[in-house]
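Trainee: I would like to look closely at a single part of this chain and to follow it outwards into its surroundings. Could you take me through one strand, step by step, and then show me what lies around it and elsewhere?

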Amino acid sequence: MARYALGLDSSTQSLTALMIDVDSRKVSHEKSINFDESLPHYGTKSGVLPNENPSVVHSPPLMWVEALDLLLAEAAEEGWPLSEVEIIAGSGQQHGTVYLGGEVTSVLASLDSSSPLAPQISSCITRSTSPIWMDSSTEEDCKALTEALGGEDAIYRSTGSTAYERFSGPQIRRFAKLHPQEFGKTQHIRLVSSFMASLLAGKLVPTDHGDASGMNLLDLPSLSWNEKALDECGEGLFPKLDEAVPSSTVVGSLSTYFVEKYGLNSEAKVMAWSGDNPNSQVGLGLINDGDCALSMGTSDVLFATIKKLPSDGGGEGHIFCTPTGDFMSLLCFSNGSLAREAVRDMYSLDWKGFDEAIASRPVGNDGCMMLPWFQPEIVPKVLGAGVHRKGMDESDMASNCRAVVEGQLLSRRIHAEGLGIHPRVLKVTGGASKNRQIVRIAADVFGCPVQEIEVAASAALGAALRGLHVLIGGDLEEIVAPFVEITKTTDPIPEHVEIYRSMTESYESFEKEHLV
Ligand code: XUL
């Protein structure tokens, strides 16, 4: 009989399942369902609910529940060998919170497999919509939390990040202040990751250290909740959260609901889920100290594995615990593909035309520069959108195309170095990593080889690999290596590296000029 490890990823727009065949060590099955397309009755667009206030970004938690039912039903129908799954691990979009009443314990313990899951869970939800990572409505809460913990440096040293609007602690505080009655009814709070894991285990399971580090509530040096932060964010918060656990924890066995309904293995273990970025750390094979990747999607995320907590603050970016028991530094730039596409569309180009326009301009763009903040930016913190140009105006197509990419990558390197990240090799993934000019500029700006890697679903893969590691033990690096395929390496050109080094200072001051 074959054996499988199943990884799930509940992301902003979709739920993905990926299975690894334990014996052949290969991905055997993979599928995704898109929330907007498959569950249109929740009325989401790109997985989030429309709101007239652009800073409020919520999703319906019951949509995630229904997606789990749907995905497993489809997998069963397609004949996936679900009865041979020995372990299930998962990944969730980070920071999102789910609010639950006391009855959730008994409801989860007695799920009825002859009825759908969402209506059974519905009575336990005390806040019908969940704020997610794109929400930025908690500026006041961030200020209060920072003050309560003794300032920016203190909160960074304890929780690994200064207070961020999207982080769960400030989000919980806002709910407690604005809706005290509903908060009073809330006896349990889980992140997207630990909520989904609780459904599978048929009981409330704890949040793992990786995802808990995205809350501004976990004290990273001691791996326990920061009591002052808990007190500031809501009354009686500790019992609502439960202790956080290492990501490698097996938190339970599979609920009979899934065994009876989809023929999953009654002996399957359920592991703690983690956040998508900590899971991707494993899925991208960033196991050793200093291993670094830039994922270029809607937003660009740069992350590096670090073995020790940095002793001084960066202020920008975040430190998260990782599933490997290490740490990762992470910088999330909201203007990723969003900005590249905005410039491309401004001149009605396709990607080939965009590439050609970049190639037609010299390295360094003769000093033309852009701060491409088409949307509010997370790093550096820019609350109001605004695009700034130097040495060119909007009419100059080729200079603008080159400037958006050079500007983004210079900014990625400057802010990474601020966090002490100096990659020896940079792995790149995501849609934009297929663009030749972008990869060339990345190698020259970072001054190191850039490896393109072919991993479609790094978070789901990372989750499945975590499960595989628990099943078979041994060296994680060896287990992960065959799954991370390097498709191409681009080496830096020394003269270009020199040009970008000499531009760094002026780019940095251009950026500073426009920060309030
Ligand atoms: C990380 C962050 C995003 C989400 C996306 O801090 O906000 O990368 O995890 O799902």
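Mentor: Let us begin with strand S14, which spans residues 292-296 and is mostly covered, since four of its five residues are buried. Please keep in mind throughout that this is a predicted model.

On one side, S14 is joined by five bridges to strand S15, residues 300-306, and the two run antiparallel. The chain passes from S14 to S15 through a hairpin of three residues, and within this pairing Cys292 stands opposite Ala304 in S15. S14 also pairs with S20, this time in the parallel sense and over four bridges, and here Ser295 is the residue that stands opposite Thr429 in S20.

These pairings belong to an open sheet of seven strands with mixed pairing, in which the order is S16-S17-S15-S14-S20-S21-S22. At the edges of the sheet are strand S16 (318-321) and strand S22 (485-490), each of which pairs on one side only. If you compare neighbouring strands of this sheet, ignoring direction, they are turned by 25° against each other on average. Following the order beyond S14, you come to S20 and then S21; strand S20, residues 426-429, pairs with strand S21, residues 450-454, in the parallel sense over three bridges, and Lys427 stands opposite Gln451 in S21.

From S20 we can step into the loop that lies between S20 and helix H18 (436-446), where Ala432 has its place. Ala432 counts as buried because its relative accessibility is 9%, and the cut-off for being buried is under 20%. Leaving aside neighbours within four places in sequence, Ala432 is in contact with Met296, Arg340 and Ile438. The first residue named there, Met296, brings us back to our starting strand, as S14 covers residues 292-296. Ala432 also shows how the fold brings together parts of the chain that are separated in sequence: its C-alpha atom and that of Ser337 are separated by 7.1 Å, although the two residues are 95 apart along the chain.

Let us turn now to the helices, starting with helix H19, which has 15 residues, 458-472, and reaches 20 Å from its first C-alpha to its last, close to the 21 Å expected at 1.5 Å a residue. H19 is mostly covered, with twelve of its 15 residues buried; among them are Ser458, Leu461, Leu465, Arg466 and Leu471. The residue that follows H19 is Gly473, and its phi is positive, near 65°.

Two packed helices are described by the angle between their axes and the distance between the axes. The axes of helix H17 (residues 397-418) and helix H21 (residues 494-513) come within 10 Å and cross at roughly 90°, which means that H17 is roughly perpendicular to H21. The residues making this contact include Arg402, Glu406, Leu410 and Ile414 of H17, and Tyr500, Met503, Tyr507 and Glu511 of H21.

For a buried polar side chain, look at Gln171, which is found in helix H7 (residues 168-178). Gln171 is buried, with a relative accessible area of 1%, and a polar atom of its side chain lies 3.0 Å from the backbone oxygen of Glu165. Leaving aside neighbours within four places in sequence, the residues in contact with Gln171 include Tyr99, Arg127, Asp135 and Glu165.

Finally, it is worth checking the backbone itself. Most residues other than glycine have a negative phi, and most peptide bonds are trans. Asn216 is not a glycine, yet it has a positive phi of about 65°; it sits in the loop between helix H10 (209-212) and strand S9 (218-219), and it counts as buried at 0% relative accessibility. Asp242, which is not a glycine either, has a positive phi of about 70° and lies in the loop between helix H12 (237-241) and strand S11 (250-253), but Asp242 counts as partly exposed, at 33% relative accessibility. As for the peptide bonds, a cis one joins Val379 and Pro380, with omega about -10°, and Pro380 is found in the loop between strand S18 (369-373) and strand S19 (386-390).

Notes. Residues numbered from 1 in each chain as written. Predicted model: local features only at pLDDT ≥ 70, side-chain atom pairs only at ≥ 80, totals over all residues. Heavy atoms only, no water. Pairing = 2+ DSSP bridges. Axes fitted to C-alpha atoms, helices over the stretch in contact; angles between N-to-C directions. Expected span 1.5 Å × (residues − 1). Buried < 20%, exposed > 50% of the residue type's maximum accessible area, 1.4 Å probe, protein only. Contact = heavy atoms within 4.5 Å. Parallel < 35°, antiparallel > 145°, perpendicular 65-115°, else oblique. Polar contact = N/O pair within 3.5 Å; in protein donor to acceptor, adjacent residues only side chain to side chain.
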